[in-house]
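Me: I want each label on this model justified by its cut-off. Please keep the answers short.

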Amino acid sequence: MTAIKHALQRDIFTPNDERLLSIVNVCKAGKKKRNCFLCATVTTERPVQVNVVKVKKSDKGDFYKRQTAWALRDLAIVDAKDAVKESPDFDLHFDKVYKWVASSAVEKNTFISCIWKLNQRYLRKKIDFINVSSQLLEESVPSGENQSVAGGDEEAVDEYQELNAREEQDIEIMMEGCEYAIANAEAFAEKLSRELQVLDGANIQSIMASEKQVNILMKLLDEALKEVDQIELKLSSYEEMLQSVKDQMDQISESNHLIHLSNTNNVKLLSEIEFLVNHMDLAKGHIKALQEGDLTSSRGIEACTNAADALLQCMNVALRPGHDMLHAVKQQQQRFSDLREQFARRLASHLNSVFVQQGHDQSSTLAQHSAELTLPNHHPFHRDLLRYAKLMEWLKNTDYGKYEGLTKNYMDYLSRLYEREIKDFFEVAKIKMTGTTREGKKFATLPRKESAVKQETESLHGSSGKLTGSTSSLNKLSVQSSGNRRSQSSSLLDMGNMSASDLDVADRTKFDKIFEQVLSELEPLCLAEQDFISKFFKLQQHQSTSGTTMNEVEEMDGVALSRSYTSGVPQTVTSEKDMIRQMMTKIFRCIEPELNNLIALGDKIDSFNSLYMLVKMSHHVWTAQNVDPASFLSTTLGNVLVTVKRNFDKCISNQMKQMDEVKISKKSKVGILPFVAEFEEFAALAESIFKNAERRGDLDKAYIKLIRAVFDSVEKVANESQKTPRDVVMMENFHHIFATLSRLKISCLEAEKKEAKQKYTDHLQSYVIYSLGQPLEKLNHFFEGVEARVAQGIREEEVSYQLAFNKQELRKVIKEYPGKEVKKGLDNLYKKVDKHLCEEENLLQVVWHSMQDEFIRQYKHFEGLIARCYPGSGITMEFTIQDILDYCSSIAQSH
């Protein structure tokens, strides 16, 4: 055990500046026998710390490691289990009970005794030693000295001490002087014993020689002991005095704590009172403003606004826990509630009277706008009401019921006011649209003119809606074609109940200006009202995110307003943007039907007005959607645009239907069909209207439908024509279509333009071949026989030996076609072509030139056959190509 103790001191405790005083080999009770050591140690530095350390042998080697340490001051009980019977079991009570079994009862007793001594010397703490033999504890204490442990006890406890440096040096010198001691330890021991005896004898002699000094020393020691006793008595008295002082200081400390606690409570109470006074005290000026403030003047409104904000801050102050139980706080809150209710009632009453008064004043100004196409300006009304915007926000946050009532009343009064103004405005617009014409006639009930002849063209300056234009080209076309078309059949009048002369360009220009002015007046009116509603009723463009507990849907004269209630305060469920749109819908509920009525009137006056309306409405819808796609103005104009688009589609459908129903007179030539000319007019008009328009795609679709219908109807009429040959009808009308498309340069109809050109070319060639036929009929039959013989295998130079096709027969046939007869035949042909073709399209010279070329081609063909089949015969035609050119030229000039 001594060797283990030495090893533990060296390896574990010396590096930590500790001294090992006692050790016991133990294991935990009731568990697997894994031995460890409990060590009692003290630190070498002051103040001295006493510890009980558990040391365990490492599993990876033969060295020991420090596992757990407990301070001795934390030890409460030492339980030896049995004070009479020797037992190795014992318990140590630190933070919990540790049960140990020592390797022997002797080691256990020695360790417990060391613990008792260390407690008496360093701690003077009440540690309970139970089931410990009193004899064991008494042996550890010298008689008459219970209050302290002698200084030699510590050395008694410490069975082993290390040599200091000087002792180690002396032993090394001694060992160097006795080299043989290494080989003979007994001789070395005897030598040391002899030297020790010599030293003892010398010591005794020295002591005996200094007996006198010893006696003096003993006396001094006795006196010192007496002085120590006196000092101990004084220290005891001082300790008693200090104990009394300690008790008094404890009382003073407790008293100071109570005073400090009282002061802290007073400070907190003062803070709470200051908080309530500062946050729940409303100035008298504010109270007077809420009760009697002038709501008609700007200064009074500002004072009321400041007072209302101050009241709201007082009511919304976040009270601390317990404040709401104070009677004064309850009284103040009730006072604030009464002030809020009183002011909210006064404010609502005043604003309702303002709504009524403003509506009445605005109505009195309607007379001055009755004859003008302008809407009254509501800016002064909005400007006056916006002074109350902050008060409306306060009312919305504090009394939503009254705020909602004001919203309803505003919509009721303003909807009636706007309805009167807008209806009067639209009546003026209708009067101007259906006003007196240049001849002084009213055409309030004009019939629709889907495909009647129209002679005007206009152009639009961007999106401003101002119209300029020239009618020269269409009027010229009308002069050329109107007389002919009026002479075709009375059925043409069925396609439109008015002739071209009855419709002036100014009528459509006037309608377009009026319609643009109507939209231009409505747009700022709606935007200004929407902006005012947003600012006055504090309806911003954001989504409410407040929680809801109960939903309620309320009708405002047909406008559904969704609300929810949280703790009695309503919060909007739908976005405030939707609320604005609902209010606008209620206030301007008459705009959409009035616009639809105006559109119906314009369509009744002239179906082509739908083109103007489509462009104008598309532009205004596009502008409104760029500002706010979900606004009332955007939605309303979008709905009206649907109606305009339907009228436009209906106009196109009616034109296509009238193409199918067209009938041509059997007694007169066809010429340019009316719907072909009308398509030209429609395209020219549409191109001028839709220039740079947003809805160009709608026009392109209509073009495709119309042109296909025109193509089909031209072929249908050509097949049914009896007076005019089919090829002439096709040739003239498709030439007119091709010319129209080439002039207008409509990009979506490029394929149709090429198709029209091809049809015109094909039917021109067909008509020329058919009409020219065989002007030299007998000569043609003769050469057909020649070609038949060659086809049978007879060589061309041997054909002249055939009896029926000899040179004599050829000369006979040629003599039958002198130049005079040829010219007469060509003159008859020219007259026949002139009867077939119309003057409007001016294709006579083109056809005549083509016939001339065809006749010359046949002439050259005959000359070629004569040269090949009758070589060297000298036979020629009695007229030349130059004669043919002269004949054709003179005939054309004579007619």
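Reply: What follows takes the labels one by one.
This is a predicted model, where local features need pLDDT of at least 70, side-chain atom pairs count only at pLDDT 80 or more, and totals for chains, interfaces and linings use all residues. Residues are numbered from 1 along each chain as its sequence is written, and side-chain values use heavy atoms, with hydrogens and water left out.

Me: Why is leucine 220 called partly exposed?
Reply: Buried means under 20% relative accessible area, exposed means over 50%, and partly exposed lies in between (1.4 Å probe, protein chains only). Leucine 220 has 48%, so it is partly exposed. It sits in helix α7, residues 211-279. Helices here are DSSP runs of H or I with at least four residues, and strands are runs of E with at least two, numbered from the N terminus.

Me: Which residues form a nonpolar patch on the surface?
Reply: Val214, Ile216, Leu217, Met218, Leu220 and Leu221 form it, with about 520 Å² of accessible area together.

Me: What makes tyrosine 403 and phenylalanine 537 an aromatic pair, and why edge-to-face?
Reply: Rings of Phe, Tyr and Trp (its six-membered ring) pair if their centres lie within 6.5 Å; planes under 30 degrees apart are stacked, over 60 edge-to-face, the rest tilted. The search of the whole structure finds 31 aromatic pairs. In this one, the centres are 6.2 Å apart and the planes are at 75°, so both tests are met. Tyrosine 403 is in helix α13 (residues 400-433) and phenylalanine 537 in the loop between α16 (505-536) and β11 (550-556), 134 residues apart.

Me: How do you know that tyrosine 403 and phenylalanine 537 are buried?
Reply: Tyrosine 403 has 2% relative accessibility, so it counts as buried. Phenylalanine 537 has 0%, so it counts as buried too. Phenylalanine 537 also pairs edge-to-face with phenylalanine 536, at 4.9 Å centre to centre and 85° between the planes. One aromatic cluster includes Tyr403, Phe536 and Phe537.

Me: What makes the span of helix α27 close to the expected one?
Reply: The expected span is 1.5 Å times one less than the number of residues. Helix α27 (residues 819-836) has 18 residues and reaches 26 Å from its first C-alpha to its last, close to the 26 Å expected.

Me: Why is leucine 772 called buried, and what does it touch?
Reply: Leucine 772 has a relative accessible area of 6%, so it is buried. It belongs to helix α24. Contact means heavy atoms within 4.5 Å. Not counting residues up to four places away in sequence, leucine 772 touches Tyr767, Leu829, Met851, Glu854, Phe855 and Gln858.

Definitions and conventions. Patch = residues over 30% accessible without salt bridge, like charges linked within 9 Å, V, L, I, M, F, W, Y side chains within 5 Å. Areas by Shrake-Rupley, 256 points an atom, 1.4 Å probe, with all protein chains shown as cover. Salt bridge = Lys/Arg side-chain N within 4 Å of Asp/Glu carboxyl O.
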